[in-house]
Amino acid sequence: MAQDDCIFCRIIQGEMEAEILYQDEKVVAFKDVNPQAPVHILLVPVKHIPSLKDFTGSEFELVADIHEVAVKLAEEQGLASEGFRIVNNCGSKGGQTVNHVHFHLLGGRQLKWPPG
Ligand code: AMP
């Protein structure tokens with residue numbers, strides 16, 4: 001069920017503008033509005049699940065679906081040969097600010113480790 005007060009649900013439903021790069025019945029990918037790298041794409045499940053810790057049972061299959069789309073997009077964006085990063089921030093100390101689970105696909109520059 002979509003949540004009216006969730007910005008990512010609103011993007012998925014076409015009520016809020018975003019540059020959508022991929023969409024199927026389970027996964028949507030769109031450009032991050034505040035990119036932290038030349039390529040910064042957010043991948044989300046269509047289903048409103050607040051965070052990674054809230055997945056149960058077969059919902060974990062969505063994590064694989066999202067990663068499959070992320071790798072496809074990384075290839076399309078020309079990141080596959082040089083490398084890229086997929087990040088999930090979970091909960092406030094994990095740095096999560098939007099409570100609709102999402103994975104960041106980052107690339108196009110040398111990424112540092114450890115993250116802040
Ligand atoms: P996180 O801090 O892991 O929860 O990441 C949330 C991400 O959502 C941030 O990188 C924001 O820049 C991004 N973001 C917030 N609002 C929007 C929006 N309307 N369209 C695209 N990206 C957004």
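In this short talk I will go through the sheet, the helix packed on it, the cores, the aromatic pairs and the salt bridges of this structure.

Let me say at the outset that what we have on the screen is a predicted model, and everything that follows should be heard with that in mind.

I begin with the sheet. It is an open sheet formed by 5 strands, and if you walk across it the order is β1-β2-β3-β5-β4, with antiparallel pairing. At the edges stand β1, residues 20-23, and β4, residues 84-87, each of which pairs on one side only. Neighbouring strands are turned against each other by 15° on average, with direction ignored. Laid over this sheet is helix α2, residues 61-76, which touches β1, β2, β3, β4 and β5, and whose direction makes about 155° with that of β3.

Let us stay with β3 for a moment. On one side, β3 (residues 39-45) pairs with β2 (residues 27-31) in the antiparallel sense, over 5 bridges, and within that pairing Ala29 has Leu43 as its bridge partner, while Val27 stands opposite Pro45. β3 is also joined to β5 by 5 bridges, again antiparallel, and here the bridge partner of Ile41 is Leu105.

How many of the residues of β3 are buried? The count is 7 of its 7 residues, and both faces of the strand are covered, with Val39, Ile41, Leu43 and Pro45 buried on one side and His40, Leu42 and Val44 buried on the other.

That brings me to the nonpolar cores. As a general background, nonpolar side chains in soluble globular proteins tend to be buried together. In this model the largest nonpolar core has 18 residues, and the members that touch the most others are Ile41, Leu43, Phe55, Leu73 and Leu105. Two or more residues come from each of β2, β3, α2 and β5, and α2 gives the largest share, 7 residues. Apart from this core lies another, of 10 residues, including Cys9, Ile12, Val28 and Leu42.

Phe55 deserves a closer look. Leaving aside residues up to four places away in sequence, Phe55 touches Ile49, Phe60, Leu62, Val63 and Val101. With a relative accessibility of 4%, Phe55 counts as buried, because the cut-off for that word is under 20% relative accessible area.

Phe55 also leads us to the aromatic pairs, of which a search of the whole structure finds 2. In one of them, the rings of Phe8 and Phe30 have their centres 5.3 Å apart and their planes at 70°, so this pair is edge-to-face. Phe8 belongs to helix α1 and Phe30 to strand β2, so the pair ties together parts that are 22 residues apart in sequence, and both of these residues are buried. In the other, Phe55 and Phe60 form a tilted pair, with 5.6 Å from centre to centre and 35° between the planes. Whereas Phe55 is buried, Phe60 is partly exposed, at a relative accessible area of 43%.

Finally, the salt bridges. In general terms, side chains of opposite charge can pair when their charged atoms come close. The search of the whole structure finds 5 salt bridges, and I will describe some of them.

Glu15 and Arg10 meet through their side chains at 3.7 Å, N to O, and Arg10 counts as partly exposed at 31% relative accessibility.

The side chains of Glu19 and Lys31 likewise form a salt bridge, at 3.2 Å, N to O. Glu19 sits in the loop between α1 and β1 and Lys31 in strand β2, so this pair ties together parts that are 12 residues apart in sequence. Glu19 is partly exposed, at 46% relative accessibility, and Lys31 is partly exposed too, with a relative accessible area of 39%.

The last example is Lys47 with Glu59, where the closest N and O atoms are 2.8 Å apart. Both residues lie in the loop between β3 and α2, so this salt bridge ties together parts that are 12 residues apart in sequence. Are the two partners buried or exposed, or in between? Lys47 counts as partly exposed, at 41% relative accessibility, whereas Glu59, at 15%, counts as buried.

How values were computed: Residues are numbered from 1 along each chain as its sequence is written. This is a predicted model: local features need pLDDT of at least 70, side-chain atom pairs count only at pLDDT 80 or more; totals for chains, interfaces and linings use all residues. Side-chain values use heavy atoms; hydrogens and water are left out. Two strands pair if DSSP finds at least two bridges between them. Helices (H or I, at least four residues) and strands (E, at least two) are DSSP runs, numbered from the N terminus. Axes are lines fitted to C-alpha atoms, for helices over the stretch in contact, and angles run from 0 to 180 degrees between N-to-C directions. Contact means heavy atoms within 4.5 Å. A salt bridge is a side-chain nitrogen of Lys or Arg within 4 Å of a carboxyl oxygen of Asp or Glu. Buried means under 20% relative accessible area, exposed over 50%, partly exposed in between (1.4 Å probe, protein chains only). A nonpolar core is a set of buried Ala, Val, Leu, Ile, Met, Phe, Trp, Tyr and Cys residues joined through side-chain atoms within 4.5 Å. Rings of Phe, Tyr and Trp (its six-membered ring) pair if their centres lie within 6.5 Å; planes under 30 degrees apart count as stacked, over 60 as edge-to-face and the rest as tilted.
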